[in-house]
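Colleague: I'm new to this one, so could you walk me through it?

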Amino acid sequence: MITLREGVNTQEDMEGWLSQLGTPDFPMSSEGVLELLEPRLVACQCEEKTVTFAFPVKEWELNPEGGLHGGIIVTGFDVSFGLLCHYFAKQQMVTTINIATNFLKPILPTDEVHYHVRIVSHGRTIISMVGEARLKRDNILAATASATFMILRKKFETLI
Amino acid sequence: MDYRKLEGRSQEDMQAWFDGICKGESRLLRQGVIPRMAPKFIGCNFLDGTLEVAYEALDWELNPQNIIHGGIISTAFDTTMGMLSHYYVKPHVVTTVSLNTTFHKPIMMGDTFHVKAKIEFLGRSLSSTTGEIFTKEYDVLAATATATFKILHELQHDPLT
């Protein structure tokens with residue numbers, strides 16, 4: 001398994017680490033909500049600090065009206081922002097401080113959602129990001145978000 | 001619009017409606033993410049425009065750091081604030097326009113967290129709400145949120161109950 005190393009920020013390393021999403025040994029997605037969401041890497045640009053993940057819409061994620069629940073759209077953003085932060089924070093834990101989402105179009109059970117997120121500012125403790133959720137269907141812009149994450153002093157007990 | 005003067009709505013009606021939709025075979029609990037989160041109706045106040053719903057933190061809701069995922073906390077806010085808005089405008093359907101969540105303290109697996117939602121303003125086409133999440137018997141403010149819902153022209157004649 002590829003693990004994150006301090007000071008290593010290359011396109012190849014970023015692609016290699018994020019491509020492990022969904023594999024059984026990858027600790028980021030081996031349990032909890034990420035295991036259920038099944039995100040996969042579409043593309044990333046290390047220099048620009050951007051990444052795009054694809055999330056299928058699953059039946060358990062729907063609202064009573066049969067569309068994708070707004071909270072799950074936020075979850076998709078939070079996961080995407082979080083994975084991008086993790087890559088640059090390496091073995092240090094991160095936490096979401098704030099996430100603001102605007103919902104623009106309904107998302108159907110047959111859709112696949114592409115979350116494109118970007119780091120706007122990376123300080124010593126605070127990371128600010130923006131993102132877009134676009135549908136694979138006609139590239140429709142379905143939601144936008146901005147988020148602030150904090151890099152904690154605490155490190156992962158097992159290497160990620 | 002003064003939501004306290006809506007025809008056919010009252011404290012008794014509100015309480016009975018939320019009691020009904022949070023249990024059994026209600027449409028709210030028939031499919032999707034809401035039944036997985038097992039909301040439990042705690043109380044409401046018609047005149048204050050408030051609703052309180054409790055959720056258990058479950059293992060499928062964890063993030064890689066073994067605390068409840070921020071997206072799941074947002075889902076609890078969206079669900080509770082959406083239900084509250086829907087009560088005042090039903091049979092009209094509401095849809096979330098924006099949701100802004102701020103996280104203050106982690107929620108651990110096994111915790112019960114209480115979402116308290118309040119209608120701040122109800123207009124003809126928008127509902128503005130605020131929310132707070134408490135854990136540890138209301139001692140810890142774990143998260144806060146604001147959300148805006150659009151009241152659609154569309155009517156839902158299959159009630160959530």
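Modeller: Sure, starting with B:F18: leaving aside neighbours within four places in sequence, B:F18 is in contact (heavy atoms within 4.5 Å) with B:F41, B:C44, B:L51, B:M83, B:L84 and B:Y87. Keep in mind that this is a predicted model, where local features need pLDDT of at least 70, side-chain atom pairs count only at pLDDT 80 or more, and totals for chains, interfaces and linings use all residues. Residues are numbered from 1 along each chain as its sequence is written, chains are lettered from A and ligands numbered from 1 in the order written, and side-chain values use heavy atoms, without hydrogens and water.

Colleague: Which residues have the most contacts inside the largest nonpolar core?

Modeller: A nonpolar core is a set of buried Ala, Val, Leu, Ile, Met, Phe, Trp, Tyr and Cys residues joined through side-chain atoms within 4.5 Å, and buried means under 20% relative accessible area (1.4 Å probe, protein chains only). The largest such core has 101 residues. Its largest share, 12 residues, comes from α3(A). The residues with the most contacts inside this core are A:F77 and B:F18.

Colleague: How do α3(A) and α3(B) run, roughly parallel or roughly antiparallel?

Modeller: Their axes, lines fitted to C-alpha atoms over the stretch in contact, are 8 Å apart. The packing angle, on a scale from 0 to 180 degrees between N-to-C directions, is about 160 degrees. Angles over 145 degrees count as roughly antiparallel, so α3(A) and α3(B) are roughly antiparallel.

Colleague: What covers the buried residues of α1(A)?

Modeller: In α1(A), residues 11-18, the buried ones are A:D13, A:M14, A:G16, A:W17 and A:L18. Their cover includes β1 (40-45), β2 (50-56) and α3 (70-89) of chain A.

Methods
Buried means under 20% relative accessible area, exposed over 50%, partly exposed in between (1.4 Å probe, protein chains only). Helices (H or I, at least four residues) and strands (E, at least two) are DSSP runs, numbered from the N terminus. Angles under 35 degrees count as roughly parallel, over 145 as roughly antiparallel, 65 to 115 as roughly perpendicular and the rest as oblique.
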